[in-house]
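Please open the model in your viewer and keep the selection tool at hand. The tour moves from one selection to the next and says at each stop what is to be found there.

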Amino acid sequence: MLNIIIFGAPGSGKGTQSERLIERYNLHHISTGELLRGHISAKTELGQLADSYISKGQLIPDGLMIDILGDTIDREPAVKERGVILDGFPRTIPQAEALKKLMEDRGMKIDAVVGLEVPEEELIERLIKRGEQSGRSDDNLETILKRLEVYQKQTYPLRDFYEKEGIYKAIDGLGTVDEIFDRICKSL
Ligand code: AP5
Ligand code: MG
């Protein structure tokens with residue numbers, strides 16, 4: 001059984017590669033972004049709150065995000081039975097520390113952090129292109145630039161955090177979806 005974090009900047013291909021990985025390794029997929037967008041579509045109270053951050057390119061506060069992740073893991077037996085791929089979580093050092101404890105408390109651990117490394121110009125190009133159709137409130141140039149800035153400041157330091165734990169796998173995230181998927185599978 002495998003528990004993986006798929007890590008990388010906005011537009012690096014986390015969602016795209018997760019779709020392949022869940023099939024190949026029979027994993028349960030938790031995307032915190034998708035989960036929050038589900039709440040936005042359903043117009044729940046959490047959705048309204050989440051959109052006030054997402055549309056500005058900011059992160060949802062750690063305490064709230066950590067509670068949501070814990071609840072999601074506990075509600076979904078497949079996480080423990082099949083293993084999980086976390087997409088979009090953790091995004092800050094406090095989230096990574098909370099995740100470590102959360103996994104330990106449940107007798108689980110993260111086996112690998114797959115880091116998709118893509119130059120910024122390519123990220124911007126991909127997200128602007130997706131924004132033509134996605135309807136996502138954060139796929140416009142101003143918010144994309146903010147998301148990249150937030151990534152650099154708050155999320156990128158996790159690369160170092162997981163390198164120190166010896167589980168970070170750097171993946172060249174440029175190329176076709178198949179090529180990148182191949183690189184990930186070889187690294188696992
Ligand atoms: P989230 O939904 O996680 O968005 P993100 O990290 O900004 O990343 P994206 O989903 O935009 O990109 P991706 O890496 O999945 O790439 P994709 O495969 O789609 O989070 C959204 C927001 O929610 C956050 O900003 C925050 O506000 C909030 N949030 C979520 N989690 C949180 C947390 N833990 N804490 C606090 N706040 C949180 O690919 C992108 C595009 O490129 C697609 O169009 C795709 O088709 C294309 N593409 C993919 N691969 C390739 C390729 N190889 N070549 C060319 N194009 C490609
Ligand atoms: Mg995504």
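Begin with the lining of the largest pocket, which by class holds 17 nonpolar, 19 polar and 14 charged residues. Keep in mind while you look that this is a predicted model.

**The largest pocket**

With that lining selected, consider the space it encloses, which comes to about 1100 Å³. The lining is made up of 50 residues, and if you wish to centre your view, select Gly-11, Lys-14, Arg-130, Arg-136 and Arg-147, the ones closest to the centre of the pocket. Now colour the elements that each give two or more residues to this lining, namely β1 (4–8), α1, β2 (28–31), α2, α7, α8 (141–155) and α10. Of these, pause at α7, which contributes six residues and thereby gives the most to the lining of the largest pocket.

**The ligand inside**

Select ligand 1 next, and you will find that it sits in the largest pocket. Showing its surroundings brings up 30 residues, among which Thr-16, Thr-32, Gln-58, Arg-91 and Arg-130 are the closest. This shell around ligand 1 divides into eleven nonpolar, eleven polar and eight charged residues. Four helices, α1 (14–25), α2 (32–41), α7 (120–134) and α10 (177–187), each supply at least two residues of the shell, and the largest share, four residues, comes from α2.

Which residues should you zoom in on for polar atoms close to the ligand? Turn to Thr-32, where a polar side-chain atom lies 2.7 Å from a nitrogen atom of ligand 1. Then move to Gly-11, where a polar backbone atom is 3.0 Å from an oxygen atom of the ligand, and on to Ser-12, where a polar backbone atom is 3.3 Å from an oxygen atom of ligand 1. If you switch on a surface here, note that the protein covers 86% of the 1000 Å² of accessible area that ligand 1 has on its own.

**The second largest pocket**

For the last stop, select Ala-9, Val-118, Tyr-151, Gln-152 and Tyr-156, which lie nearest the centre of the second largest pocket, a pocket lined by 17 residues. The elements that give two or more residues to this lining are β1, β4 (112–117), α7 and α8. About 190 Å³ of space lies in this second largest pocket, and its lining residues divide into ten nonpolar, four polar and three charged.

Methods: Residues numbered from 1 in each chain as written. Chains lettered and ligands numbered in written order. Predicted model: local features only at pLDDT ≥ 70, side-chain atom pairs only at ≥ 80, totals over all residues. Heavy atoms only, no water. Near = heavy atom within 4 Å. Polar contact = N/O pair within 3.5 Å; in protein donor to acceptor, adjacent residues only side chain to side chain. Areas by Shrake-Rupley, 256 points an atom, 1.4 Å probe, with all protein chains shown as cover. 1 Å grid on protein atoms, 1.4 Å probe; cavity = no way out; pocket = protein on both sides within 12 Å on 5 of 7 lines; lining within 4 Å. Sits in = over half its atoms within 2 Å of the grid points. Nonpolar A, V, L, I, M, F, W, Y, C, P; charged D, E, K, R; others polar. Points joined across faces, edges and corners; volume = space filled by probe spheres on them.
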